[in-house]
Each structure stands twice: as C-alpha cells, then as structure tokens.
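Biologist: Hey, can you walk me through this one? I'm new to reading structures.
Modeller: Sure, have a look at it and then we'll chat.

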Amino acid sequence: MTAQIIDGKAFAARIRGEVATHVARLQADHGITPGLAVVLVGEDPASQVYVRSKGKQTVEAGMNSFEHKLLPSTSEEALLELIARLNADPAVHGILVQLPLPGHLNEDLIINAIDPAKDVDGFHISNVGLLGTGQKSMVPCTPLGCLMMLRDLHGSLSGMDAVVIGRSNIVGKPMAQLLLGDSCTVTIAHSRTKDLPEAVRRADIVVAAVGRPEMVPGDWIKPGATVIDVGINRIERDGKTKLVGDCDYDSCAAVAGAITPVPGGVGPMTIACLLANTVTACCRAHGLPEPEGLTA
Ligand code: NDP
C-alpha cells in the first residue's frame, strides 16, 4: 500500500480562504474587523520568524495585526501591564504571547493573565479545563489543525483507536482530549510507556508529537492507519540541513493509509488555525454565529 499524502499546505490555504471570507462578511454586515495581537519578548530567531509569518497571514486574511516586540529584559510587571491593556482593548479579539519566554518570566502566570475569551492559543487554564470537560473553549492551534485534517479524511472518527505519542500541554494532551471528544479510544504514550511499538500497532490513528527525528518506523504502523506527524526536527544529512518529522516517512508511507509529510503537513495548519480561532473569538465577543468547520 502507498499512503495518501495529506497536503497540509493546500488544506491550510483552504482554511485561510474560509477565514478571509468570514472576515469580509463580518466587515460588510457588521463593520467589525477581527484583530490579533502578538507579543514577542526577546530576540529568539525562530520566534521572530513565526511572529512575522503570523502577522503577514493575519493581514492577508483581512484582519488587523497588532505586533508588540519587547526587549528581552522586559519585566513581568511590564508584560502583565501590556496584557491588561490588550484584554481591555475592544479592537483586539485574540492575544498570543509567543513562547518560549525568557527565563525570568513565569510563563504560567503570563498565559493565565490573558482574558480566556481572547486566548487564541488555548493555553489558559480555563480553556484547558473547558476542553477537558467537553465545553466550548479556545482550542490549541496545532491539535485543532490535526483534528480538522482527520475529520476531513475520515468524516466520523467515532470508535477508532488512536494513539498520541507525547503528552505536552501544547500538543499531546489537548490532541488526546479532542480525539476523545470525537469518540476515539485514546492511548496517550510518553517516554515511560512500556511497549510503544505495541501501542502504535493497535492504532487506526497515530499522532506523533515527540520531537525525536524519525523515531516511529513503518513496522510499528498498522496497515492502512492514518499517521499525523507533528514533529519538526532539523537534522544534518548528506551535508545538508533537512527537516524531518517524528515518523520515518518512507517506511511509514509504505504501510499507512494516509500520512502527513514534514514539511508541508501539520506545520502550515497551525497558523491557519490561529486565524480561525481569532475569527471565532471575534464572533463570540460580538454574540454572532461562529464560522462553521473552523472550531472543534
Ligand atoms: P515536548 O518536548 O513538550 O513533549 C514531547 C513529548 O514526547 C513528551 O511528552 C515526552 O514524554 C515524549 N517523548 C519523548 N521521548 C519519547 C520516547 N522515546 N518515546 C515516547 N515518548 C517520548 O514537545 P512538544 O509537544 O512541544 O512538541 C513535539 C514535536 O512537535 C516537536 O518536534 C515540535 O517541534 C513539534 N511541534 C510542531 C508544531 C507545528 O507543527 N506547528 C507545533 C508544536 C510542536 P515525557 O512527557 O515522558 O517526557
């Protein structure tokens, strides 16, 4: 079997198109323009690239982008003061504080200072609790993107066996909650899991979010299973720098029914879902119907 390649780039472009359509409707019918504020503290090169890309795509979707670039030495007090201002600003519907923060800043304290209704990353403790109890919440962008791809591929996920490898608060845990919400039977695996190959071999859906290059070989994959590879790992091969996932692409693609490539799979979905969450937050703030298909 040769797996169907799940084209995350094309899927993300479709989501961005739907977001732009909804934004245009909000403007035409209600005179509202959704706004996303992104806060970057420090000069981490990867974070700078992400923030630039988020700003560009926000504007391309017709929304307002507010960028706040702060010095690495910014105090907790000053950052909390900025977040309080953004919480109170009616033009701002979504707030994202780019992680990781410099070591002297308490990430939990900062994230939990964001108004949960504007927490488009879905990391606020209230949103974590709402998701965990199956209530309407802001859903973390990367797992939301994975869920959208799985629903698009399978329609209903009900009754499927899923394994999520990784239990981070950003990817693994919310991914497991979303799959459970769609009535999958979910196994969450991590570094202490006794027999990972056996857990993966049972799964109709494998979501790998580990951060270890090509860790999952094809002979762990149940024939026909869907493989969602969240991992983004930079490796040196044949004298060149290359991006690879957590799954060994060639051997997994030879067995799986469908697979996301790296790059071009899950990666592009994350910012698309950030834009989707911003529109959703804007609609909720104004008591308007939410766009269909852009939330969990
Ligand atoms: P974390 O480092 O926070 O979590 C990694 C998880 O993998 C942990 O739960 C860890 O277990 C588990 N793990 C580590 N080694 C093993 C092992 N040998 N067997 C089984 N489980 C193991 O990573 P993130 O969740 O933040 O990110 C995971 C990957 O996804 C990274 O490559 C990251 O770059 C990528 N990523 C991609 C995004 C995108 O596409 N836009 C967004 C976010 C992340 P334990 O808890 O026991 O330590």
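Modeller: One term before we start: a residue is buried if its relative accessible area is under 20%, exposed if over 50%, and partly exposed in between, using a 1.4 Å probe and protein chains only. Helices (H or I, at least four residues) and strands (E, at least two) are DSSP runs, numbered from the N terminus.

Biologist: Where do the numbers come from?
Modeller: This is a predicted model, so local features need pLDDT of at least 70 and side-chain atom pairs count only at pLDDT 80 or more, while totals for chains, interfaces and linings use all residues. Residues are numbered from 1 along each chain as its sequence is written, and side-chain values use heavy atoms, leaving out hydrogens and water.

Biologist: Okay, how many residues of H6 are buried?
Modeller: 10 of the 14, so H6 is largely enclosed by the rest of the structure. Among the buried ones are Cys141, Pro143, Gly145 and Leu150.

Biologist: And what covers them?
Modeller: The cover includes helix H1 (8-30), helix H7 (172-181), strands E7 (205-208) and E8 (226-229), and helix H10 (267-285).

Biologist: What comes right after H6?
Modeller: Gly155, and its phi is positive, near 70 degrees.

Biologist: What about the loop before H6, is Ser137 buried or exposed there?
Modeller: Ser137 sits between helix H5 (125-132) and H6, and it is buried, at 9% relative accessible area. Not counting neighbours within four places in sequence, Ser137 is in contact (heavy atoms within 4.5 Å) with Asn127, Leu130, Leu131 and Arg284.

Biologist: New topic: which residues are closest to the ligand?
Modeller: Arg167, Ser168, Ser191, Ile232 and Thr270, out of 21 that surround the ligand (a residue is near if one of its heavy atoms lies within 4 Å).

Biologist: What kinds of residues make up that shell?
Modeller: By class, nine are nonpolar, 10 polar and two charged. Here Ala, Val, Leu, Ile, Met, Phe, Trp, Tyr, Cys and Pro count as nonpolar, Asp, Glu, Lys and Arg as charged, and the others, Gly among them, as polar.

Biologist: Which ligand atom does Ser168 reach with its side chain?
Modeller: An oxygen atom, 2.5 Å from a polar side-chain atom of Ser168. For the ligand, a polar contact is a pair of N or O atoms within 3.5 Å. Thr270 has a polar side-chain atom 2.8 Å from a ligand nitrogen atom.

Methods: A polar contact is a pair of N or O atoms within 3.5 Å; within protein, one must be able to donate a hydrogen and the other to accept it, and residues adjacent in sequence count only if both atoms are side-chain atoms.
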